[in-house]
Every structure is written in structure tokens, then in C-alpha cells.
Amino acid sequence: MALLPSHLLQHITSQGYHVLPPPPRRSKQQSSTVFSSTLEALAKAGWPPQFLLMYNETWELLKDAVHGMIGDDECDNFYIESDVNIWSLQRNSPPGTYIGGNFIKPHRDMVYHACHDEDDQPTSLSVWIPLNPSGATNHNGCMRIVPIEQDDFFYSPEHPNHSKNSKYTDTDAEKLNVTQFGAAVWDPTCVHWGGSYEADKSEDEPRSSLAFTIRLGKKAADFGTCSTSTSEQQTGTEACLVKNCDKGGPKRRLQVVAKSLLSYSHHFPGFPMEGFRENMGLLP
């Protein structure tokens, strides 16, 4: 497994999450509005926010964040999974009515045995980075997460309630306030959900965010959707396990965009339309 900084590992293994400041190399590189203005332009042109993944700047931010989190010396020992996604809340639209809105149902990204080794150390981490100038605040859509100590079934993947998390509400969760380009990092087994934009309580702009998973060891992340019947499927461009998934040119990036859309297609109205999967060159 890649060696995590001690303070990060301590917080992840004890409470399940940690909030990090922006990486040092982010301090003066870009305007605070560059991502928000691009998302606005995409929306006006009728493109979903996931198409922000076509831009070099998005991948540079992703890699800067991981370097800042793990350190340059350990970056050869991790993989970026291809479950990269972009979320962008709208000011006057309720969740579930547009592509890229928050996923309001409490859930786990992975069950316990899918992302921990025999020593109960995490083999994957979920990472979530606010892109808008105000970052993620209590009322503009910050992430909610249930601490491990308040989760009775965190260590019990075989228990039926490990996958039944609808009982949790905001009163059970920590609201993770994160500055722009900072990162909320959590154990994928932690119950969490994205907050909604509350126009009556917030003077900040709606939250937008970049989300992805990093794999720290050799154990493959299991999202329950990977095809693993052949080695080609595990290592080819269609596979869930992809190192440097910003490589491969526009076609590869477009496949990542398509995968990000399809992963939550049940949550997006009217999507996917007929023929989308085939035209994107994705696996059946």
C-alpha cells in the first residue's frame, strides 16, 4: 500500500474522513472562477458538467491534489480509478431534475471488504474537491458524512443494514466545509451524501465539485459494476482500474465522461438515451 501521511491515516482510520487545504502548487496557478465560468459556459451550450473532464486543467487539479495528499515519493504506488465525476448544483432546481445534481441519498461508495486489507487498513480513498470560489459550505451543498463511531454497521458488510442507510439525516452527520481546491477525503465505506443548495440560507454560489477514487494498494476497488472475467477487461482502456486516466487523448477522456454519466444514469432524468453506450465505445 502507498504510505499515507500519519495525520491523514489517523483521521481516516479513526473517524473515517479528513479535510485537507488546497495543495501548495494550487495557490497561484488559476483564477478562482476558471472552473465555475467553464461549467456555466458548458451549461449554456447544453453540455452536462461532466464534460469539464475534457479539459487539461481538470486533470492537472486532480493530480496536484493527489500529490499534495500522498507526496511525490509515493505517487508511483497508487492508481486513479476511472470513476471520475463532476457535480454542479443549480440555484433554483431541486435534486434529481438535472444532470450533475447532488445525490441526496445516504450511501456507501463500497462495502467494507471491498476497500480494506487483512489489517483493516483502507485500500482506497474517496476524494471530493470543491471547484467554486466559495468552496463547500453548510448551505451551498457541502458533503455530509457519518463518522465511523456513529455507524453501527461500518465493520459488518454481511449485515443487511450495512447497505440500508436511509435512516441517516443531517443530525447524524458532520458537514464538511472545504475551501476551493481543498479536499474532503473519506473511507469509501463511510455513509455520506451530497448536500443541496439552500437559497434561503446561503449567500454563496451553488457548490460544484470534482470527485474521484484513488487506490492505494494492489487490491482492486470493487464498485459492484466492474467486469472482471478476463485479464483484458481488467487492464484495457475499458477497465475500472486505470492509472493516469487523463492519458489517451480525447477518445479516452470522452470514455471517462461517458462512464461518469452512466454511473448515475438512474439519477439523471431522461438519460441515457438509446445508443449512448454503443456510441461511446463502452462495454455492453
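In this predicted model, phenylalanine 35 is buried, with a relative accessible area of 3%, and its ring takes part in one of the five aromatic pairs that the structure holds. The partner is phenylalanine 181, and the two rings meet edge-to-face, at 5.8 Å centre to centre and with 75° between the planes. This pair links distant parts of the chain, since phenylalanine 35 belongs to helix H2 whereas phenylalanine 181 lies in the loop between strand S6 (174-176) and strand S7 (183-186), 146 residues apart. Phenylalanine 181 likewise counts as buried, because its relative accessibility of 6% falls under the 20% cut-off. The backbone of phenylalanine 181 is also notable, in that its phi is near 70°, a positive value in a residue other than glycine. Most residues other than glycine have a negative phi.

A positive phi is also found at aspartate 120, where the angle is near 65° in a residue that is again not glycine. Aspartate 120 is placed in the loop between strand S3 (85-88) and strand S4 (124-130), and with a relative accessibility of 45% it counts as partly exposed.

Further aromatic and ring-directed contacts involve other parts of the chain. Tyr112, Phe154 and Tyr155 form one aromatic cluster. Elsewhere, the ring of tyrosine 79 is covered by the charged end of arginine 215, which sits over that ring at 4.4 Å from its centre.

Among the charged residues, aspartate 151 is found in the loop between strand S5 (143-145) and S6, and this residue counts as buried because its relative accessibility is 5%, under the 20% limit. Two contacts of the aspartate 151 side chain can be described. The side chain reaches the backbone nitrogen of phenylalanine 153 at 3.1 Å, and it makes a polar contact with the side chain of tyrosine 168 at 3.4 Å. The buried side chain of aspartate 151 is thus accompanied by a backbone partner as well as a side-chain partner.

Several loop residues approach parts of the chain that are remote in sequence. Glycine 141, in the loop between S4 and S5, counts as buried at 0% relative accessibility, and its C-alpha atom is separated by 6.8 Å from that of proline 206, although the two residues are 65 residues apart along the chain. Glutamate 205 has its place in the loop between strand S8 (192-194) and strand S9 (208-215). In contrast to the buried glycine 141, glutamate 205 is partly exposed, with a relative accessibility of 21%. The C-alpha atoms of glutamate 205 and asparagine 132 are separated by 7.4 Å, with their positions 73 residues apart along the chain counted as the distance apart. Lysine 105, found in the loop between S3 and S4, counts as exposed because its relative accessibility of 57% is over the 50% cut-off. The C-alpha atom of lysine 105 is separated by 8.1 Å from that of histidine 192, the two being 87 residues apart along the chain.

Empty space in the model was also examined, and the second largest pocket contains about 430 Å³. Its lining is made up of 18 residues, of which Leu39, Glu40, Ser88, Leu89 and Gln90 lie nearest the centre of the pocket. Helix H2 (residues 34-44) supplies four residues, the largest share of this lining. By residue class, the lining of the second largest pocket divides into 10 nonpolar, five polar and three charged residues. Helix H2 therefore appears in two of the settings described here, as the element that carries phenylalanine 35 of the edge-to-face pair and as the element with the largest share of the lining of the second largest pocket.

Methods
Residues are numbered from 1 along each chain as its sequence is written. This is a predicted model: local features need pLDDT of at least 70, side-chain atom pairs count only at pLDDT 80 or more; totals for chains, interfaces and linings use all residues. Side-chain values use heavy atoms; hydrogens and water are left out. On a 1 Å grid over the protein atoms alone, a cavity is a set of points where a 1.4 Å probe fits but cannot get out, and a pocket is an open set with protein on both sides within 12 Å along at least five of seven lines; lining residues have an atom within 4 Å of a point. Grid points are joined across faces, edges and corners, and a volume is the space filled by probe spheres set on the points. Ala, Val, Leu, Ile, Met, Phe, Trp, Tyr, Cys and Pro count as nonpolar, Asp, Glu, Lys and Arg as charged, and the others, Gly among them, as polar. Rings of Phe, Tyr and Trp (its six-membered ring) pair if their centres lie within 6.5 Å; planes under 30 degrees apart count as stacked, over 60 as edge-to-face and the rest as tilted. Buried means under 20% relative accessible area, exposed over 50%, partly exposed in between (1.4 Å probe, protein chains only). A charge sits over a ring if NZ of Lys or CZ of Arg is within 6 Å of the ring centre and within 35 degrees of the ring normal. A polar contact is a pair of N or O atoms within 3.5 Å; within protein, one must be able to donate a hydrogen and the other to accept it, and residues adjacent in sequence count only if both atoms are side-chain atoms.
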